[in-house]
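Hi,

Here is the structure I promised to pass on. Have a look at it first, and my notes on what turned up follow below.

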Amino acid sequence: MAQTIPQYTNLSNIPAPLLSRSWNEKIVLMQVMVGIFLYVNCLMICTFFKKEAFRTDTRYILFAQTLITDSALMVFTDLALIGSYFQIPVPCIPCVIMCTIMVWLLLSTPLTLVAMCLERYVAICMPLRHASISTARTRLLGLVLIWCLAGIPALIVFLIFAVSVPLKFFSSYLICSLEMMIIHNWQAQFRAVLFQFYFLIMSITIGFTYVKIMAAAKGASSNKKSASKGLRTVVLHAFQLLLCLIQLLSPYVEMAVMKIDYMLFINVRYSNFIIFVLAPRCLSPLIYGLRDEKFVVVLRYYAVFGLNKKSFHFCKLCPYHLKHGKTWPLNGK
């Protein structure tokens, strides 16, 4: 018979956390960081939708998808962390739906990072074919493929959980977290193997793009700057992917720590949230937002609600636009 993991999500099984002043300050600090993260992401999402040039460029479309999924995951994870700390009971069905969505969002970001690396590979290694490959139809198929691949593990986890618990369990109240969907040990092992398989394929893909772009950077003479910048982008994405992998494995560490000491579990979960949830998702705005010359100019304009129009007009004279002969009218085109 399969061994059953003890349920630590019921209120009666969890000792009340010590709501010390230091921990209350940590929770407040966490909310401030999440608020700043969401503000920056929302500002960048608005900047993306304001400019038609961004809405028709594959790299910016993938970047916008990363911002949206990261923001949604941040909100859900933050709510689950607060609920776990303050022991807020919620109905089982909304909790299961939220946890399923969280698993879905967990994989959508790394899959989008892989798509970004592939887009850079095509742009740098096959520049003459980039326009024919990066079409509206290809972009749509790519986005659908990303969401479908990310949804497969979430659907499997949900179905296994649904058939593993009695019907009366869905009418109960519990502390909502991803661990509550793990009923048997083999479920945790199966999910870990599935995630590791995904990340093995994604790591191989990113490694392939890195090698190809590095070869292009060494061999090309006219496109060295673009290849070098693309190489740095792939390296940063690989680092993001590593942090995302650790994030997917961290729930198993938290489950083991929970059996030892609940306050230690709270400390570990808080640290994991800061290092493996918040930190890697702060890299996306840095990689494709603040490092991008034309995006950061438009972002600066909308960040001050269009009050600084001089800098927006001055962007016509920046090195990027002088080189490419492009201008940025204020009509949003």
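Let me start with α10, where the buried residues are Lys294, Phe295, Val296, Val297, Val298, Leu299, Tyr301 and Tyr302. That makes eight buried residues out of 11, so the helix is mostly covered, given that buried means under 20% relative accessible area. Ala303 also belongs to α10, but at 26% relative accessibility it counts as partly exposed. Its C-alpha atom is 9.1 Å from that of Val40, although the two residues are 263 apart along the chain.

Before you go further, please keep in mind that this is a predicted model.

Now the overall picture. The protein chain holds 12 helices and two strands. Read from the N terminus, the order is α-α-α-β-α-α-α-β-α-α-α-α-α-α. Of the 333 residues in the chain, 49% are buried.

**Cores**

The largest nonpolar core has 61 residues, and Phe161 and Met180 are the ones that touch the most other members. Which elements give two or more residues to this core? They are α1 (21-50), α3 (58-86), α4 (92-125), α6 (136-164), α7 (185-219), α8 (224-260) and α10 (293-303). The largest share comes from α4, with 17 residues. There is also a second, separate core of 18 residues, with Met30, Leu81, Tyr85 and Val268 among them.

**Two of the helices**

With α4 giving the largest share of that core, I took a look at the helix itself. Of its 34 residues, 27 are buried, so α4 is largely enclosed by the rest of the structure. Its length also checks out: at 1.5 Å a residue, α4 should span 50 Å, and its end C-alpha atoms are indeed 50 Å apart.

Two residues of α4 deserve a comment. Thr100 sits in this helix and counts as buried, because its relative accessibility is 16%, under the 20% cut-off. A polar atom of the Thr100 side chain lies 2.8 Å from the backbone oxygen of Val96. Leu118 is in α4 too, but with 34% relative accessibility it counts as partly exposed. Leu118 and Tyr210 are 92 residues apart in sequence, while their C-alpha atoms are 9.6 Å apart in space.

The same length check works for α3: 29 residues at 1.5 Å a residue should span 42 Å, which agrees with the 42 Å between its end C-alpha atoms. This helix is mostly covered, with 23 of the 29 residues buried. What caps its N-terminal end? Asp57 does, through a side-chain oxygen that lies 3.1 Å from the backbone nitrogen of Arg59. Just after α3, Gln87 takes a positive phi of about 55 degrees.

**Cavities and pockets**

This is probably the part you will want to open in your own tools. The count comes to six cavities of 30 Å³ or more, and the largest has a volume of about 260 Å³. It is lined by 17 residues, of which Thr77, Leu178, Glu254, Arg269 and Val277 are the closest to its centre. At least two lining residues come from each of α3, α4, α8 and α9 (262-290). Sorted by class, the lining of this cavity has nine nonpolar, five polar and three charged residues.

The second largest pocket holds about 570 Å³ of space. It has 24 lining residues, and the closest to its centre are Ala115, Leu118, Gly142, Leu145 and Ile146. So the partly exposed Leu118 mentioned above turns up again here. Which elements give two or more residues to the lining of this pocket? They are α3, α4, α5 (127-133), α6 and α7. The biggest contributor is α6, which gives seven residues. By class, the lining of the second largest pocket comes out at 16 nonpolar, six polar and two charged residues.

If you only have a few minutes, I would begin with α4: it gives 17 residues to the largest core, and it supplies at least two residues to the lining of the largest cavity and two or more to that of the second largest pocket.

Cheers

Conventions:
Residues numbered from 1 in each chain as written. Predicted model: local features only at pLDDT ≥ 70, side-chain atom pairs only at ≥ 80, totals over all residues. Heavy atoms only, no water. Core = buried A, V, L, I, M, F, W, Y, C linked by side-chain atoms within 4.5 Å. Buried < 20%, exposed > 50% of the residue type's maximum accessible area, 1.4 Å probe, protein only. Helix = DSSP H or I, 4+ residues; strand = E, 2+ residues; numbered from the N terminus. Expected span 1.5 Å × (residues − 1). Polar contact = N/O pair within 3.5 Å; in protein donor to acceptor, adjacent residues only side chain to side chain. 1 Å grid on protein atoms, 1.4 Å probe; cavity = no way out; pocket = protein on both sides within 12 Å on 5 of 7 lines; lining within 4 Å. Points joined across faces, edges and corners; volume = space filled by probe spheres on them. Nonpolar A, V, L, I, M, F, W, Y, C, P; charged D, E, K, R; others polar.
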